[in-house]
Amino acid sequence: MGNLFCCVQVDQSTVAIKERFGKFDDVLEPGCHFLPWCIGSQIAGYLTLRLQQLDVRCETKTKDNVFVTVVASIQYRALSDKATDAFYKLSNTRSQIQAYVFDVIRASVPKLNLDDVFEQKNQIAKAVENELEKAMSAYGYEIVQTLIVDIEPDEHVKRAMNEINAAARLRVAANEKAEAEKIVQIKRAEGDAEAKYLAGLGVARQRQAIVDGLRDSVLGFSVNVPGTTPKDVLDMVLITQYFDTMKEIGASSKSSAVFIPHGPGAVGDIAGQIRQGLLQGAAVEQQNLL
């Protein structure tokens, strides 16, 4: 119907390229325009001014010989004041942009190791954007933004990188666990040493109290019973301790069989052995002093 009345409609964010007898005539802005087709005027095509995005996947090799696939997203749009250049100078805009992206990525990535590619992806994106801006501005296009959205190494390389990372973390965990066990063992050893030291003090104090009690008993008995010697008192104390020990062994239900010489003469033998040991200890101590 519009062609019948020589009218044409141009949508918003779009421009139309008007030609007369095959030659460029004008750029029609959005709205309704008079187009006298009878005198050779026609619409050669439409050009959108909306922001467009092109995702480019480029496979290349890093400096350390790892093949990666770099995914770049290019956001671009045609300029209304250069609509003629954008319409007539390029036949396939997307292929042209893709070629420039391939050229820049394959010139930049081979200079970097794999780890540096991940760290410097913003610099790679900036290099692509600068190159595209210089090239596409001559064709009436503006490069709005360039993003490196993904870097995909070979599957075997990714698996190896994950294994290296896992091994490093396991090594750190093992070191921390060993250090913790070391601290626990040191603290346990310090506790055992302190406990043994305190137990030794307790035993020493117990024996000192026994010796003090025996000394007081011997002295008191010698004073109260004339004619007795400290040896007689000590023998009597040993006999008492001997019978007390026999009583405790017999009263305990969990005691094992113990074979010891029994009889009053056995006590005398035990007392003699104790005295002999004390005399030998005194003699050794005296020799050490000399």
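**Helix 2, its surroundings and two open sheets**

Thr93, Ile97, Val101, Val104 and Ile105 are the buried residues from which this account of helix 2 starts. They cover an arc of only 95° around the axis, which places them on the same side of helix 2. The general background is that an α-helix has 3.6 residues a turn, so residues three or four places apart point the same way. The model discussed here is a predicted one.

The length of helix 2 can be checked in a similar way. Helix 2 comprises 16 residues, 93–108, and at 1.5 Å a residue it should span 22 Å; the C-alpha atoms at its ends are 23 Å apart, which agrees. The cover over its buried residues includes strand 6 (52–61), strand 7 (67–78), helix 4 (121–136) and strand 8 (141–153). Helix 2 lies across strand 6, strand 7 and strand 8, and its direction makes an angle of about 35° with strand 6. Helix 4 lies across strand 7 and strand 8, running at about 145° to strand 8.

The strands in question belong to one sheet. Strands 6, 7 and 8 form an open sheet of three strands in the order 6-7-8, with antiparallel pairing. Strand 6 and strand 8 are its edge strands, each pairing on one side only. On average, and with direction ignored, neighbouring strands of this sheet are turned by 20° against each other. Between strand 6 and strand 7 the antiparallel pairing extends over 10 bridges. Glutamine 52 stands opposite tyrosine 76 in strand 7.

Valine 149 offers a local view of strand 8, in which it lies. With a relative accessibility of 45%, valine 149 counts as partly exposed, because this value falls between the 20% and 50% limits. Apart from neighbours within four places in sequence, valine 149 is in contact with Val71 and Ser73. Valine 149 and alanine 125 are separated by 24 residues in sequence and by 9.4 Å in space, C-alpha to C-alpha.

The nonpolar interior comes next. In soluble globular proteins, nonpolar side chains tend to be buried together. In this model the largest nonpolar core has 34 residues, and those with the most contacts inside it are Ile74, Ile97, Val101, Ile105, Leu132 and Tyr141. At least two residues of this core come from each of strand 2, strand 6, strand 7, helix 1 (83–88), helix 2, helix 3 (114–119), helix 4 and strand 8. Strand 7 gives the most to this core, with six residues. Ile97, Val101 and Ile105 are also among the buried residues of helix 2.

A further sheet is found earlier in the sequence. This open sheet of three strands has the order 3-2-5, and its pairing is antiparallel. Its edge strands, strand 3 (23–28) and strand 5 (41–48), each pair on one side only. Here neighbouring strands are turned by 30° against each other on average, direction ignored. Strand 2 (residues 14–20) pairs with strand 3 in the antiparallel sense over five bridges. Glutamate 19 stands opposite phenylalanine 24 in strand 3.

Threonine 14 is a residue of strand 2. Threonine 14 counts as buried because its relative accessibility of 14% is under the 20% limit. When residues up to four places away in sequence are not counted, threonine 14 touches Leu28, Glu29, Pro30, Tyr46, Leu47, Thr48 and Leu49.

Two loop residues deserve attention for their backbone angles. Most residues other than glycine have a negative phi. Serine 13 has a positive phi, near 60°, and is not a glycine. Serine 13 is placed in the loop between strand 1 (7–10) and strand 2, and with a relative accessible area of 27% it is partly exposed. Phenylalanine 21, likewise not a glycine, has a positive phi of about 55°. Phenylalanine 21 is placed in the loop between strand 2 and strand 3; its relative accessible area of 68% makes phenylalanine 21 exposed.

The chain as a whole completes the picture. The protein chain contains seven helices and eight strands. Of its 290 residues, 24% count as buried. Among the contacts in the protein chain with a separation of 6 or more, 63% are accounted for by residues 24 or more positions apart.

Conventions: Residues are numbered from 1 along each chain as its sequence is written. This is a predicted model: local features need pLDDT of at least 70, side-chain atom pairs count only at pLDDT 80 or more; totals for chains, interfaces and linings use all residues. Side-chain values use heavy atoms; hydrogens and water are left out. Helices (H or I, at least four residues) and strands (E, at least two) are DSSP runs, numbered from the N terminus. The expected span of a helix is 1.5 Å times one less than its number of residues. Buried means under 20% relative accessible area, exposed over 50%, partly exposed in between (1.4 Å probe, protein chains only). The arc is that of the directions from the helix axis to the C-beta atoms. Contact means heavy atoms within 4.5 Å. Two strands pair if DSSP finds at least two bridges between them. Axes are lines fitted to C-alpha atoms, for helices over the stretch in contact, and angles run from 0 to 180 degrees between N-to-C directions. A nonpolar core is a set of buried Ala, Val, Leu, Ile, Met, Phe, Trp, Tyr and Cys residues joined through side-chain atoms within 4.5 Å.
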